[in-house]
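Here is a friendly walk through the helix packing and the empty spaces of one model. Keep the structure open beside you as you read.

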Amino acid sequence: DLLHFIWKYKKLQLGQLVTSKNEAVSILDVGRHNQLAGPDFFNAKIRIGRQLWAGNVEIHVRSSDWFTHNHQHDVNYNNVILHVVWEHNIDVHRGDSTEIPTLELKSYISNALLENYRNLFDNSRISFINCEKDIAHIDEFTLQNWSENLFFERLEQKADFVFELLDRSKNDWEQVLFALLLKCFGLKINGEAFYSLARALDYSVVRKIQNDLFKLESVFFGLSHLLENDAIVDDYYHTLKKEYHHLRAKYEFTEIGVRRPEFFKLRPTNFPTIRLSQVANLYATTPNLFSLLINTHELIELYSVFEVRASVYWDNHYTFGKVSHKSPKKVTKKFTDLFILNGLLPLKYCYANCMGKNANDEITGIATKIVKEENGIIKNFESHGILYGNAMETQASLQLYNAYCSKK
């Protein structure tokens, strides 16, 4: 792979190249890199001595690899015009017994390039990413330009999901927001379960019952299979269940296809009961939520929109029928930041795109005011000398790691 890279991008030291027979070599065209069977580079143009050749190039670590790979018996290699190797240890010939000129690379490659290669790909020395020893020394201008491009690359990937939702909902932006909210409120563990709820519940039903918090909660809990335990002795629970069965018959929706959310491995504040109640309260207290969020351009105003809490019942409950220490279950700023980054900003980006507008300045303005994220990837970057001032920069690094570093 290294030799292919060196040949393809002409990383040879300047100076006159010569074959093993001391003939001058001039590379006019390295050829087209072949990733399939056959010679490594097609249609190269190379002057060897006084003769201009057009044909293919084969690359090996040692010349003897030609015979190890049985190329001497393969007619596809009869038009190889140059054998490029790291070390020349034997002459090779075509099927007609003519010798193939050989270019030995080891005297034309700089020690610095080899050392970089060793450092980058020596897994025994890597704890996080291949360039972990060098990334802190990249000049700030280069890093900042990369960061902005990476941020929008990540944003566009999230926007693909928003456009998919828009197509599925037949351009109903409120239904799109509803699905995004539920998916984000479900976090990693319950995101897909909450999203399946959004797909099963037509938003037209939400519009009709939005002003009645109790009805909203009964539908969210019922569709999510959270009202199916007959052993629970709790008046609130049984009243919700009764209301759900009434609404289920009225609006003819079904739990089929809705995944039951998980409680296991979650902190109690992230239990699906709490998060679903918070979403219900958000809709019950905020008419025209989509319009409000799209037309709110300042982070501090967005925080005020999400100053909601779960219903009073959940002040001293995390699950139905089990009393706990009293504490209001409010949506925190940190949780709001997650929704803004993963749901709202992609939504704003898509909406502006559909309206023929550019919301990039608004989006970057909001992202740069959100505090940096804290997770394992970001902590690793920080331990290797990268400093962060806001969430736009951490989002860029997450994209850098997931789309580039982890794929080498």
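## Helix packing and the spaces around it

H5 and H13 are roughly antiparallel to each other, and therefore a good place to begin. The model is predicted, so please read what follows in that light. The axes of H5 (residues 173-185) and H13 come within 10 Å and cross at roughly 155 degrees. Since angles over 145 degrees count as roughly antiparallel, this pair earns that description. The crossing in which H5 passes H13 is right-handed.

Which residues make this contact? From H5 come Trp173, Val176, Leu177, Leu180, Leu181, Cys184 and Phe185, and they meet Phe335, Phe339, Asn342, Gly343, Leu347, Cys350, Tyr351 and Cys354 of H13. Sorted by class, the contact of H5 with H13 holds 13 nonpolar and 2 polar residues, with no charged ones.

H5 also packs against H4, at an angle of about 130 degrees and with the axes 9 Å apart. H4 and H5 are therefore oblique to each other. Here too the crossing is right-handed, with H4 passing H5. On the H4 side the contact uses Phe161, Val162, Leu165 and Leu166, while H5 brings Trp173, Val176, Ala179, Leu180 and Lys183. The contact of H4 with H5 divides into 8 nonpolar residues, no polar ones and 1 charged.

H4 has another partner in H16. These two helices pack at an angle of about 75 degrees, with their axes 8 Å apart. That makes H4 roughly perpendicular to H16. In H4, the residues involved are Gln144, Trp146, Ser147, Glu148, Leu150, Phe151, Glu153, Arg154, Gln157 and Lys158. They meet Met392, Glu393, Gln395, Ala396, Leu398, Gln399, Leu400, Asn402 and Ala403 in H16. By class, the contact of H4 with H16 has 8 nonpolar, 6 polar and 5 charged residues.

## The open pockets

Now for the empty space. Rolling a probe the size of a water molecule over the atoms shows where such space is left.

The largest pocket holds about 1500 Å³ of space. It is lined by 42 residues, and those closest to its centre are Cys184, Leu187, Lys188, Leu338 and Asn342. Two of these, Cys184 of H5 and Asn342 of H13, also belong to the contact of H5 with H13. Helices that each supply at least two residues of this lining are H4, H5, H6 (187-200), H10 (272-285), H13, H15 (376-383) and H16 (391-403). Which helix gives the most? That is H13, with 8 residues. The lining as a whole has 17 nonpolar, 10 polar and 15 charged residues.

About 840 Å³ of space lies in the second largest pocket. Of the 30 residues lining it, Cys131, Ile135, Ile138, Leu400 and Cys405 lie nearest its centre. H3 (111-121), H4 and H16 are the elements that give two or more residues to this lining. H4 has the largest share of it, 7 residues. The class count for the second largest pocket is 18 nonpolar, 8 polar and 4 charged.

## The enclosed cavities

How many cavities of 30 Å³ or more are there? The count comes to 3. The largest has a volume of about 70 Å³, and its lining consists of Asn119, Leu120, Arg125, Ile126, Asn130, Glu132, Lys133 and Asp134. That lining has 2 nonpolar, 2 polar and 4 charged residues.

The second largest cavity has a volume of about 50 Å³. Phe151, Arg154, Leu155, Lys158, Leu341, Leu345 and Gln395 line this cavity. Two or more of its lining residues come from each of H4 (140-168) and H13 (333-354), and H4 provides the largest share, 4 residues. By class, this lining has 4 nonpolar, 1 polar and 2 charged residues. Phe151, Arg154 and Lys158 of H4 and Gln395 of H16 also appear in the contact of H4 with H16.

The spaces can be set side by side:

| Space | Volume | Lining by class |
|---|---|---|
| Largest pocket | about 1500 Å³ | 17 nonpolar, 10 polar, 15 charged |
| Second largest pocket | about 840 Å³ | 18 nonpolar, 8 polar, 4 charged |
| Largest cavity | about 70 Å³ | 2 nonpolar, 2 polar, 4 charged |
| Second largest cavity | about 50 Å³ | 4 nonpolar, 1 polar, 2 charged |

Technical notes
Residues are numbered from 1 along each chain as its sequence is written. This is a predicted model: local features need pLDDT of at least 70, side-chain atom pairs count only at pLDDT 80 or more; totals for chains, interfaces and linings use all residues. Side-chain values use heavy atoms; hydrogens and water are left out. On a 1 Å grid over the protein atoms alone, a cavity is a set of points where a 1.4 Å probe fits but cannot get out, and a pocket is an open set with protein on both sides within 12 Å along at least five of seven lines; lining residues have an atom within 4 Å of a point. Grid points are joined across faces, edges and corners, and a volume is the space filled by probe spheres set on the points. Ala, Val, Leu, Ile, Met, Phe, Trp, Tyr, Cys and Pro count as nonpolar, Asp, Glu, Lys and Arg as charged, and the others, Gly among them, as polar. Axes are lines fitted to C-alpha atoms, for helices over the stretch in contact, and angles run from 0 to 180 degrees between N-to-C directions. Angles under 35 degrees count as roughly parallel, over 145 as roughly antiparallel, 65 to 115 as roughly perpendicular and the rest as oblique. A crossing is left-handed if the near helix is turned anticlockwise from the far one by less than a right angle, and right-handed if clockwise. Contact means heavy atoms within 4.5 Å.
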